[in-house]
Amino acid sequence: MDNFIKSLPPLATLRPFEAAARLESFSRAADELHLTQAAISRQIRALEEDLGVILFERRNRSVFLTREGREFGRTVSQALESIATGAQALRGDPDDKCVVLFCQLCEAFYWLMPQLADFNRRYPEIEIQLATSTRPITEFSGSFDIALQTNGRPSGSHRLVFTAEDEIFPVCSPAYLKGVTTPLSLNALLNQRLLHHHAEPADWLEWDDWLRAMGHFELSSAESAVFDSYPLLLQAAVAGHGIALGWRRTTQRLIENGELIRPVTESLPQHDAIALYTRQGAPQRPGSEALLGWLREVLGEEQIAEATGLALGEVAKLRTEGQR
């Protein structure tokens, strides 16, 4: 036991380090723990000196986890999560049936909300509280149990549970191409008004990347418009302002309803497009496990529907009949 105690780093440094590693920011860790940024920096420096390794690279007023920092962050997070789970079990959990789901705004509006009725029918005792944002989970100041966001966006040390497929293709309103024969060739597409989505940080596939994947290497100087919000970009496409890049998951219902069409046949598959996370330190609860299982099932059904050409409702019907 003495050797075990002697091997422990200063315990006061662990919470500041866990928060900074999870949020990938000293300033946001300071806000979360109600400390100053200087205090966070001192604690992490003390931890680095104790361990004899550099946990964060400091560059241009930003910090980035080193390989050792990321690995130790997982270790510390798992240890604190285990302690939190044990403490919560002793206290009891009055909100055991309430699950907070963090979701990107566009996925929440266009994809998740129409699906949630099925979850509510199957699990009427579980309450889902939805938190939405256009920013990554590392910038979300609230608490959550499960998070859904585009894969590759900053995620800190939150635990990745699984990923799901999607695909990206151009979309526009039928009115925008009224009288024009479709599908368009890619050369003809480049002469149209293209709607761009520029995100900061740049973690979103854009027209130049999509066209490069299709074998085209230059954008034309045709008329264009730029948006800093993907939901606004989609609404601009629905309103007939031009052609946007759409993700199947968020455009499928708009296409089925006739509000959008696919003006070209080309599409870019994304095998790990959507990522599902559980919050570091969040206890494993039946409600969270039920929601994760349902999300895995629904996302899997969408992939089956895409592969077989069946509508999503038909896949769900087959699944329901198979359970009888």
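Buried means under 20% relative accessible area, exposed means over 50%, and partly exposed lies in between (1.4 Å probe, protein chains only).

The structure is a predicted model: local features need pLDDT of at least 70, side-chain atom pairs count only at pLDDT 80 or more, and totals for chains, interfaces and linings use all residues. Residues are numbered from 1 along each chain as its sequence is written, and side-chain values use heavy atoms, with hydrogens and water left out.

**Exercise 1. Two positive phi angles**

Task: Classify asparagine 60 and glutamate 24 as buried, partly exposed or exposed.

Solution.
- Step 1: Place asparagine 60. It sits in the loop between strand E1 (56–59) and strand E2 (62–65). Helices (H or I, at least four residues) and strands (E, at least two) are DSSP runs, numbered from the N terminus.
- Step 2: Look at its backbone. Asparagine 60 is not a glycine, yet its phi is positive, about 50°.
- Step 3: Apply the cut-off. Asparagine 60 has a relative accessible area of 76%, so it is exposed.
- Step 4: Repeat for glutamate 24. This residue is in the loop between helix H2 (14–23) and helix H3 (26–33). Its phi is also positive, about 55°, although glutamate 24 is not a glycine.
- Step 5: Classify glutamate 24. Its relative accessible area is 25%, so it is partly exposed.

**Exercise 2. A buried loop serine**

Task: Find what the side chain of serine 25 reaches.

Solution.
- Step 1: Serine 25 lies in the loop between H2 and H3.
- Step 2: Its relative accessibility is 9%, so serine 25 counts as buried.
- Step 3: The serine 25 side chain reaches the backbone nitrogen of arginine 28 at 3.1 Å. A polar contact is a pair of N or O atoms within 3.5 Å; within protein, one must be able to donate a hydrogen and the other to accept it, and residues adjacent in sequence count only if both atoms are side-chain atoms.
- Step 4: List the other partners. Leaving aside neighbours within four places in sequence, serine 25 is in contact (heavy atoms within 4.5 Å) with Ala20 and Val63.

**Exercise 3. Two helix pairs**

Task: Decide whether H3 and H4 are roughly parallel or roughly perpendicular, then do the like for H9 and H10.

Solution.
- Step 1: Read the first angle. H3 and helix H4 (residues 37–51) pack at about 110°, with their axes 8 Å apart. Axes are lines fitted to C-alpha atoms, for helices over the stretch in contact, and angles run from 0 to 180 degrees between N-to-C directions.
- Step 2: Apply the classes. Angles under 35 degrees count as roughly parallel, over 145 as roughly antiparallel, 65 to 115 as roughly perpendicular and the rest as oblique. H3 and H4 are therefore roughly perpendicular.
- Step 3: Name the residues. Phe26, Ser27, Ala29, Ala30 and Leu33 of H3 make the contact with Gln37, Ile40, Ser41 and Ile44 of H4.
- Step 4: Sort them. The contact of H3 with H4 has six nonpolar, three polar and no charged residues. Ala, Val, Leu, Ile, Met, Phe, Trp, Tyr, Cys and Pro count as nonpolar, Asp, Glu, Lys and Arg as charged, and the others, Gly among them, as polar.
- Step 5: Turn to the second pair. Helix H9 (residues 230–238) and helix H10 (residues 248–256) pack at about 25°, with axes 12 Å apart. H9 and H10 are therefore roughly parallel.
- Step 6: Here Tyr230, Leu234 and Val238 in H9 meet Thr250, Thr251 and Leu254 in H10. By class, the contact of H9 with H10 holds four nonpolar, two polar and no charged residues.

**Exercise 4. Far in sequence**

Task: How many residues apart in sequence are isoleucine 243 and arginine 193, and how many Å apart in space?

Solution.
- Step 1: Isoleucine 243 belongs to strand E9 (residues 243–247).
- Step 2: Its relative accessible area is 0%, so isoleucine 243 is buried.
- Step 3: Isoleucine 243 and arginine 193 are 50 residues apart in sequence and 6.3 Å apart in space, C-alpha to C-alpha.
- Step 4: Check for contact. Leaving aside neighbours within four places in sequence, the partners of isoleucine 243 include Arg193, Trp207 and Pro263.
- Step 5: Step back to the whole protein. Among contacts with a separation of 6 or more, 76% join residues 24 or more positions apart.
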